[in-house]
Amino acid sequence: MNAAKKTVVVALGGNTIIRDGQEGNIYEQFANTRGTLNAMMALIQRDYRLVITHGNGPQVGNLFLMVESTRDFIPTLPLGVCVADTQSQIGYMIQQSLQNRLVREGIQRSVMTLITQVVVDKNDPSLTIPKKPIGPFYAEDKAKQFEQMRHWKIIGDSERGYRIVVPSPAPLRIVETPVIQSLLEKNVIVIAAGGGGIPVVIEEDRTYEGVDVVVEKDLTAGILARDLGAQLLVILTKVEKVAINFNTPQETTFDRLQIHEAMQYLEQGHFPSTTMGPKIWAAIDFLKSGGEEVIITSAKKLPDALDGKAGTRIVK
Ligand SMILES: NC(=O)OP(=O)(O)O
């Protein structure tokens, strides 16, 4: 093992892979996945030990709708299993896309997707409170129709429409952390804890049992980075920089934020709980537990952000 090598955990939003205005079919998802590879290559070229994690909000919502629409003919799948399903599906897209890019560039480095479980607290009240948006955005009338007919809880999400919400407890730890660590020591690029991790609780006899929730991937990325002793956490999203008064004439973006400033803006309500909020929480927790630096930016801007020419850096 090269002791000087630094570890980075990079988190891709599920909506980087299914984009606004697209149908979201698998060909679009593969193309969007390939569109993030320059960002991954920028980290590989800087010789980091690399862990990639990703969201699954749009994908797990679509799968949930597929399961619901066939429930009269085919046995249903619980939400936790839908998370497992999307973790492997998106992991496969990233793994194969990155392997092909490495082959084309003549770089010999293995890539592996790991089925990864995340422990949540059995007594967390959030296990039964729907708050995490998944799946497509609906117009208000369609959303109301779903609420009445299907008894799903639906909320307005980021002024772009209405989405189904599901419970989303806080992640505590990743079950497979030691395996990820040993793969990193062998210089394998690991895709892990996708979709926030497959949520499990620990039973009295220390066994794991799946639960039907979707964990926030930014929070999982933060604890994954913390527990791996990573130096850098990168959160890739739709915007280039963190902003306050977002989408208003007073919008102000940041090149650099200190923890106390990020905390202050969070408390002032600048970062919504379904978009930038979890990214800022993850950044603060990671830095407080030993991380060196967090970069929040878009996949396109990451190469520049690594050189300090784009994105927002959050530091201690
Ligand atoms: N699981 C999760 O947080 O996914 P998104 O980032 O796509 O919402």
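**Close-up views of a predicted model**

**View 1. Polar contacts and salt bridges between the two domains.** Between domain 1 and domain 2, 3 residue pairs are in polar contact, both residues of each pair being at pLDDT 80 or more. Helix α4, formed by residues 57-69, makes the greatest contribution to the side of domain 1 that touches domain 2, supplying 8 residues. The structure shown is a predicted model. Across the same interface of domain 1 and domain 2, 2 salt bridges are found. Asp20 forms a salt bridge with Arg160, with the closest N and O atoms 2.3 Å apart.

**View 2. Extent of the domain interface.** The domain assignment of the protein chain places 7-121 + 172-305 in domain 1 and 130-166 in domain 2. The centres of domain 1 and domain 2, taken over C-alpha atoms, are separated by 23 Å. In the interface, 15 residues of domain 1 are in contact with 15 residues of domain 2. Together, domain 1 and domain 2 bury about 1200 Å², of which 63% lies on carbon and sulfur atoms.

**View 3. The open sheet and its packed helix.** The sheet is open and has 8 strands with mixed pairing, in the order β3-β9-β2-β1-β12-β16-β17-β15. Its edge strands, each pairing on one side only, are β3 (111-114) and β15 (256-258). On average, neighbouring strands of this sheet are turned by 20° against each other, direction ignored. Helix α5 (residues 79-104) packs on the sheet and touches β1 (7-12), β2 (49-54), β3 and β9 (189-192). The direction of helix α5 makes about 175° with that of β3.

**View 4. Pairing of strands β15 and β17.** Strand β17 (residues 312-315) pairs with β15 in the parallel sense over 3 bridges. Val315 in β17 stands opposite Gln258.

How values were computed
Residues are numbered from 1 along each chain as its sequence is written. This is a predicted model: local features need pLDDT of at least 70, side-chain atom pairs count only at pLDDT 80 or more; totals for chains, interfaces and linings use all residues. Side-chain values use heavy atoms; hydrogens and water are left out. Two strands pair if DSSP finds at least two bridges between them. Helices (H or I, at least four residues) and strands (E, at least two) are DSSP runs, numbered from the N terminus. Axes are lines fitted to C-alpha atoms, for helices over the stretch in contact, and angles run from 0 to 180 degrees between N-to-C directions. Contact means heavy atoms within 4.5 Å. Domain bounds come from an automatic or database domain assignment. Buried area is the accessible area (1.4 Å probe) that two parts lose on being put together, summed over both. A salt bridge is a side-chain nitrogen of Lys or Arg within 4 Å of a carboxyl oxygen of Asp or Glu. A polar contact is a pair of N or O atoms within 3.5 Å; within protein, one must be able to donate a hydrogen and the other to accept it, and residues adjacent in sequence count only if both atoms are side-chain atoms.
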